[in-house]
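Okay, thanks for having me, everyone. I'd like to walk you through a structure you may not have met before, so let me put it up on the screen.

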Amino acid sequence: MTHDRTLLDTLAGQEEALVFKAFDEITAIEIGEHLMRAARAGDLPVVINIRTADRVLFHAALPGSSPDNDEWARRKSNVALRFHKSSMRVGENYRLKGREICAELGLDPIDYASHGGSFPVRVAGTGVVAAITVSGLASEDDHGLIIRVLEDYLAEER
């Protein structure tokens, strides 16, 4: 249980630390390009999607990914945009309680997936404005790719 609680604390800490000063379409494209370079360097078969609640700002499907990855990206980003937390954090929190978000909250699993790989874009003084999503790897690896790229990107911004 301690390991699980530590993981939740780590995920919450990532969300607190990885906050943008500003975020717009150009920022989404830059982050998308950074994610693409990282994924291509590792020959990772992923879909990368960055979107607001009502529009896609960046989307790429790398070799080896499939249309199913697009659907997983959509479902995971719905979780991040609804809960304003990473999809991995939401999933782990419910897992620790022995519950599922869809059953607990009446959400359709066709539209929501609480697996790692979608991270909320939080702007200082504003809140969550978008979600950055990767799909195609193991849940933790999808999440980890986003975190590595955001840490590097935001370090350059400061």
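Quick bit of vocabulary before anything else: when I say helix or strand, I mean a DSSP run, H or I over at least four residues for a helix and E over at least two for a strand, numbered from the N terminus. With that in hand, Ser 114 sits in the loop between helix 5 and strand 4, the strand covering 118–123. We'll come back to Ser 114.

Two words on where the values come from. What you're looking at is a predicted model, where local features need pLDDT of at least 70, side-chain atom pairs count only at pLDDT 80 or more, and totals for chains, interfaces and linings use all residues. Residues are numbered from 1 along each chain as its sequence is written, and side-chain values use heavy atoms, with hydrogens and water left out.

Now the overall picture. There are six helices and five strands in this protein, and starting at the N terminus they go α-β-α-β-β-α-α-α-β-β-α. The radius of gyration, taken over C-alpha atoms, is 15 Å, close to the 15 Å that the globule rule gives for 158 residues, so the protein is as compact as a globular protein of that length. That rule is 2.2 Å times the number of residues to the power 0.38. Along the principal axes, the C-alpha atoms fill a box of roughly 40 × 35 × 30 Å.

How much of the protein is buried? Of its 158 residues, 47%, where buried means under 20% relative accessible area, exposed means over 50%, and partly exposed is in between, with a 1.4 Å probe and protein chains only. As for contacts, meaning heavy atoms within 4.5 Å, take those with a separation of 6 or more: 67% of them join residues 24 or more positions apart.

On to the pocket. A pocket here is found on a 1 Å grid over the protein atoms alone: an open set of points with protein on both sides within 12 Å along at least five of seven lines, and lining residues have an atom within 4 Å of a point. The largest one has a volume of about 270 Å³, volume being the space filled by probe spheres set on the points, with grid points joined across faces, edges and corners. It has 17 lining residues, and the closest to the centre are Gly 91, Glu 92, Glu 100, Ser 114 and His 115. Helix 4 (87–96), helix 5 (101–105) and helix 6 (139–157) each give two or more residues to that lining.

Which helix gives the most? Helix 4, with five residues. By type, the lining divides into six nonpolar, five polar and six charged. For that split, Ala, Val, Leu, Ile, Met, Phe, Trp, Tyr, Cys and Pro count as nonpolar, Asp, Glu, Lys and Arg as charged, and the others, Gly among them, as polar.

Staying with helix 4, its buried residues include Ser 87, Val 90, Gly 91 and Glu 92. After this helix comes Gly 98, with a positive phi near 70 degrees.

Here's Ser 114 again, as promised. Is it buried or exposed? Buried, at 19% relative accessible area. Apart from neighbours within four places in sequence, Ser 114 is in contact with Val 79, Ser 87, Val 90, Gly 91 and Ile 101.

The loop between helix 5 and strand 4 also holds Leu 107, which is buried at 8% relative accessible area. Leaving out neighbours within four places, Leu 107 has contacts with Arg 82, Phe 83, Ile 101, Cys 102 and Tyr 112.

Over in helix 6, have a look at Asp 142. With a relative accessibility of 1%, this residue counts as buried. Beyond residues up to four places away in sequence, Asp 142 touches Val 46, Lys 76, Gly 116 and Gly 117, among others.

Last stop: two positive phi values in residues other than glycine. Asp 43 has phi near 55 degrees; it lies in the loop between helix 2 and strand 2 (47–51) and is exposed, at 67% relative accessibility. His 84 has phi near 60 degrees, sits in the loop between helix 3 (67–83) and helix 4, and counts as partly exposed at 37%.

That's my tour, so over to you.

Definitions and conventions. On a 1 Å grid over the protein atoms alone, a cavity is a set of points where a 1.4 Å probe fits but cannot get out, and a pocket is an open set with protein on both sides within 12 Å along at least five of seven lines; lining residues have an atom within 4 Å of a point.
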